[in-house]
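Open your viewer and get ready to click along. Each stop tells you what to select next and what to look for there.

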Amino acid sequence: MEADVPPLDAMHRLKELYNFILLCDEAHSLLSIGTTGRGCLEYWNDNHPDAQVPSDLIDIRTATLSKAIGGIGGMIAGKAKFESAIRSHITQLRQDGGGRHWVHPPWYRQRGFSASQHSSRAACAV
Ligand SMILES: Cc1ncc(COP(=O)(O)O)c(C=O)c1O
């Protein structure tokens, strides 16, 4: 892992051209980079005063609590228009076996959690 922040100004131009949805996995950046720990976009704007990108460039962000916080679980944050789709996908994941998709067994065993505890603790906040 190189810890590079992508060229968000170029992504912004591409997004305007092709109108795609931009999802950013901030597992390694949330609470770690940017003046206030808000991740890639804040870091980019902190360091590129001449190539600022809008604060709503990223449509959906995912992050884990297992890195900067040292906790368990994760989060999804994004524009309101995605909320029902994300909630319904999470509901479907739970019905299909839920947390099994996200379990890292050795990690949980080390911390004394079982897989069944994980599925309730891994609920994503939208
Ligand atoms: C880029 C990235 N996203 C998400 C995750 C998921 O983290 P966890 O399963 O510890 O919550 C990881 C874990 O290493 C990661 O590197």
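Select N19 to begin: does this residue count as buried or exposed? With 7 C-beta neighbours inside 10 Å, N19 counts as exposed. The scale behind that word is simple: a residue is buried if 20 or more other C-beta atoms lie within 10 Å of its own, exposed if 12 or fewer, and partly exposed in between, with C-beta atoms placed from the backbone. N19 sits in the loop between α1 and β1, and its phi is positive, about 55 degrees, although it is not a glycine.

Before moving on, two notes on reading the model. Residues are numbered from 1 along each chain as its sequence is written. The model is predicted, so local features need pLDDT of at least 70 and side-chain atom pairs count only at pLDDT 80 or more, while totals for chains, interfaces and linings use all residues.

**Zoom out**

Colour by secondary structure and you will find five helices and three strands, running α-β-α-β-β-α-α-α from the N terminus on. Helices (H or I, at least four residues) and strands (E, at least two) are DSSP runs, numbered from the N terminus. Of the 126 residues, 16% count as buried.

**Select 40-47**

This is helix α2, where C40, L41, W44 and N45 are buried. Rotate to look down the axis: these residues cover an arc of only 125 degrees, which puts them on the same side of α2. The arc is that of the directions from the helix axis to the C-beta atoms. The buried residues of α2 pack against α1 (8-18) and β1 (23-25).

**Add the core**

Now select L8, C24, C40, L41, W44, V53 and I58, the seven residues of the largest nonpolar core. Such a core is a set of buried Ala, Val, Leu, Ile, Met, Phe, Trp, Tyr and Cys residues joined through C-beta atoms within 7 Å. Helix α2 gives the most to it, with three residues. In soluble globular proteins, nonpolar side chains tend to be buried together.

Centre on W44, which touches V5, L8 and V53, leaving out residues up to four places away in sequence. Contact here has its own cut-off: the two C-beta atoms, placed from the backbone, lie within 7 Å.

**Follow strand β2**

Select 60-64 and show side chains. R61 and A63 point to one face and are buried, while I60, T62 and T64 point to the other and are not. Next, add β1: the two strands pair in the parallel sense over three bridges, where pairing requires DSSP to find at least two bridges. Look for D25, whose bridge partner in β2 is T62.

Stay in β2 and click I60. How many other C-beta atoms lie within 10 Å of I60? There are 17, so I60 is partly exposed. From I60 to L23 is 4.7 Å, C-alpha to C-alpha, although they are 37 residues apart in sequence. Residues that I60 touches, beyond those up to four places away in sequence, are I21, L23, I76, G78 and F82.

**Last stop: the ligand**

Show the ligand and its seven surrounding residues, of which D25, A27, T64, S66 and G74 come nearest. A residue is near a molecule if its C-beta atom, placed from the backbone, lies within 6 Å of it. By class, this shell has one nonpolar, five polar and one charged residues. Ala, Val, Leu, Ile, Met, Phe, Trp, Tyr, Cys and Pro count as nonpolar, Asp, Glu, Lys and Arg as charged, and the others, Gly among them, as polar.
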